[in-house]
Amino acid sequence: MTQNYQHILALVFAIKEINENLQILPNITLGFNIYDSYLNARWTSRAAMQLISTRNRFVPNYKCDIQDKVIAIIKGLDSEISYLIPDVLGVYKIPQLFYGSAPAMFDNTQVPFFYKMVPPETHQYMGILQLLLHFKWTWIGFLTVAGVHTEWFMQMAYPVFSQYGICFAFIESCSTFIIANNWEKTEKWWLELYDRSMDQAANVLIFYGDNRSMIVFRWLVSWLKNKHIAQKPKGKVWILTAQMELKFFPHKMSWDIEDLHGAISMAIHSHELHGFQQFLKSRDPSGVKEDSFLKDFWSYAFDCAVPDSILGHMNMKNCTGEERLENLPEYKFGMMTGHGYSVYNAVYAVAHALHAMYSSDYKSRATIDGQRIKLQNQQLWELHHFLRQVSFNNSAGDHISFDKNRNLVAGFDVINWLTFPNQSFLRVKVGSVDPKTPADQVLTINEDAITWHSWFNQILSMTLLDDGHDCFSFSDMCDCFKCPDEYYPDKDHASCIPKIITFLSYEEPLGIGLVTGTLTFSLITVLVLGTFVKHNNTPIVKANNRNLTYTLLISLLLSFLCMFLFIGRPNNVTCIFRHTIIGILFSIAVSCILAKTITVVLAFMATKPGSRMRKWVGKRTASYIAIFCSFIQVGICTVWLTTSPPFPDADMHSVMEEIILECNEGSMTVLLFGPAYAVFLAIASFTVAFLARKLPDSFNEAKFITFSMLIFCSIWLSFVPTYLSIKGKYTVAVEIFSNLASSAGLLGCMFFPKCYIIVLQPKMNSKEWLKRKKH
């Protein structure tokens, strides 16, 4: 949802302005960390405890990095999840500012260090009440999500509505998610609710929910239309609360939003910020390296592929570089929303409070270290005194301050939503709610600016009832939908949790272990190669074609180093070369071994009197065999890369809780020709070496080749069932381990016995020893 990225940009923009402003917090540089709650209570609690831990070390209540001092927490959008943070961090007295439209609380003293960057919930319901009275809508329906919202409404708002003659045809409460294993009951409940709400005389429906409930609502409406249930016009006007926002989902174009055309909603008051548009123009994936969100946002918003973007791997066209944020339509990234505006004001509220604290007598309690001020632990609770009294005008000219209950002193905007068939929409401000004015002037509305749904007739919608006639229907029902591919349900099937993006990285223990093994074997290969080069004129090195020996060692060294192509985030380069290069190198290595084996057999056959094999004995024959066998593998790889090249991909289905970044190998049939050919060469080498193992020779390598090929084939035969039985990043680890083990087997069996003679038994590596052995 591209609109949410605006909240991050508002945070960055505010921090940037403050750090560049010498009039506020001189000699202090503000920074920030962003944590994702994943709309999950457990992850929210973990993120809260991470704030009181040393960076990169999850040890709560042990924080020693002074430059990473937490002075305040800004949180939203999910109100119920965000309310878990005070329970975790309340004892530390860290100021916590909520920028979403928070639900009302019975006792605001429960969280004394909690500040709302939004007006009180009572102001919103007062605005909705005045809106109903303005249009004389007195017979309405009320739909909400289960929880404290409903309880507060029934005890605090419902009596006030009744006093003004507002009657409720029904009040329905439901959870934001469906119980997956009880779909039949859920389907029956939803159909009953639909019939009850649409057949009632109430033409005005109030929907109290949050971002998640809006998603569920749109899915259910689309489901009803697909079932051919919601086809006839119903003529309802929806009134939405400020917690709910329409979002653009490019991958959910079938989710029709026509029913919400003409809806009226409350919205957190906002203004365009001075300089924010210029700031947006500077955001570009190629120019902003520190923004890890920008590439994925760019791919999502412009529907094009950006290098190293997760979302850009989904077969999109490449971005041209001409895309600009200011050119995005409003429904993707429009004017400053209330939530983004609240984030901006929250940052400035903390900065002004911190500035006031250092400008007061408390300045003497700060420790000056050069040009940097180190915040002491006791100052966190002292900051609340200044935060409660903060008062300033922001760059848009709005006055920012808190009331005695730490709620922002502000009002709401009244928005009219205009929707279109392509899922785009427009927000049109048609009024405002100002709680500071007299009761009869709280609502300001411009009726001429409102666009009603074509099904709705405002005059016919006015349904008056006699006083004392109420209809009240309250039920608790769970509601559910299938989580998107990027999410998975929690164990209670109560919410969708974002999947964790995984790949075999250099930082994790498994990656470190494989890198260590790779470097170790590479170093050993270099030492062996250096030993053979140093003793290149000795008999044991000259035996069985010295050039093939060097070629074999170099191919083994490169095969070890190629393991680095398998570790790290997959990209186009690594995906293309990882299997291609390793396949060619293995073929070269096995071809050299096959050529060595054939050389031994030919040499023995050539010793027989009158043998015609003498003309085939020599270095050229062995070299031709190695080159010919290697070029066949090169041809196989060329066909594979030409017909079905590999590419970076994301596997969202193999592991329920993970999105696995991997290389999609394209055509597996063509890909398997490469390993199959290498195995064929290995079997051929093993067969020939086994037959030649007893041939007389001072340095007969046939026995060594037999054992090396036996190890090679055993490793790759055991690789197949292991590879098929595991999932995720561990499949890549198995590939690396198999490559390392097979290469190490060839290195050990072929060269360690020779190195033993060269280094520890040099007398055996001489012509005199050979002559003595023959006699």
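Analyst: A disulfide is a pair of cysteine sulfur atoms within 2.5 Å. What you have above is a predicted model, in which local features need pLDDT of at least 70 and side-chain atom pairs count only at pLDDT 80 or more, while totals for chains, interfaces and linings use all residues. Residues are numbered from 1 along each chain as its sequence is written, and side-chain values use heavy atoms, leaving out hydrogens and water.

User: How many disulfides does a search of the whole structure find?

Analyst: Two. One joins C575 to C663, with an S to S distance of 1.9 Å. The angle about its S-S bond is -80 degrees, a left-handed link. This pair connects distant parts of the chain, 88 residues apart: C575 belongs to helix α17 (residues 572-606) and C663 to strand β21 (residues 658-664). Helices (H or I, at least four residues) and strands (E, at least two) are DSSP runs, numbered from the N terminus.

User: Which cysteines form the other disulfide, and how far apart are their sulfur atoms?

Analyst: C304 and C319, with sulfur atoms 1.8 Å apart. Here the angle about the S-S bond is 85 degrees, and the link is right-handed. Both C304 and C319 lie in the loop between α10 and α11 (330-333), so the pair ties together parts that are 15 residues apart in sequence.

User: Is C304 buried or exposed?

Analyst: Burial is read from relative accessible area: buried means under 20%, exposed over 50%, and partly exposed in between (1.4 Å probe, protein chains only). C304 is buried at 1%, whereas its partner C319 is partly exposed at 21%. In the other disulfide, C575 has 0% and is buried, and C663 also counts as buried at 8%.

User: How should I read strand pairing, and what is the order of the open sheet of three strands?

Analyst: Strands of a sheet pair through backbone hydrogen bonds, either parallel or antiparallel. Two strands count as paired if DSSP finds at least two bridges between them. The open sheet has the order β1-β2-β3, with parallel pairing. β1 (73-75) and β3 (114-116) are at the edges with a single partner strand each, so one side of each has no neighbour in the sheet. From one strand to the next the twist averages 25 degrees; the axes are lines fitted to C-alpha atoms (for helices, over the stretch in contact), and angles run from 0 to 180 degrees between N-to-C directions. Three bridges connect β2 (residues 96-98) and β3, and in one bridge Q96 is matched with F114 of β3.

User: Why is strand β13 described as largely enclosed?

Analyst: In a regular strand the side chains alternate between the two faces of the sheet. For β13 (residues 412-419), eight of the eight residues are buried, so the rest of the structure largely encloses the strand. One side carries F412, V414, N416 and L418, the other D413, I415, W417 and T419, all buried. β13 has antiparallel pairing with β8 (residues 264-268) through five bridges, and with β14 (residues 425-433) through eight. S265 is the bridge partner of I415, while D413 stands opposite S432 in β14.

User: What is a nonpolar core, and which residues touch the most other members of the largest one?

Analyst: In soluble globular proteins, nonpolar side chains tend to be buried together. A nonpolar core here is a set of buried Ala, Val, Leu, Ile, Met, Phe, Trp, Tyr and Cys residues joined through side-chain atoms within 4.5 Å. The largest has 56 residues, and L30, L97 and F297 touch the most other members. Elements giving it two or more residues include α1 (5-20) and α12 (338-359). The largest share, 13 residues, comes from α12. Apart from this core lies another of 55 residues, including F560 and C629.

User: Which residues does L97 touch?

Analyst: A contact means heavy atoms within 4.5 Å. Leaving aside residues up to four places away in sequence, L97 touches residues including I73, I74, Y115, A346 and V350.

User: Where is the kink in helix α21?

Analyst: The bend at a residue is the angle between axes fitted to the seven residues ending there and the seven starting there. In α21 (residues 730-760) a kink of about 40 degrees lies at F751, shortly before the proline P753. This helix is mostly covered, with 23 of its 31 residues buried.
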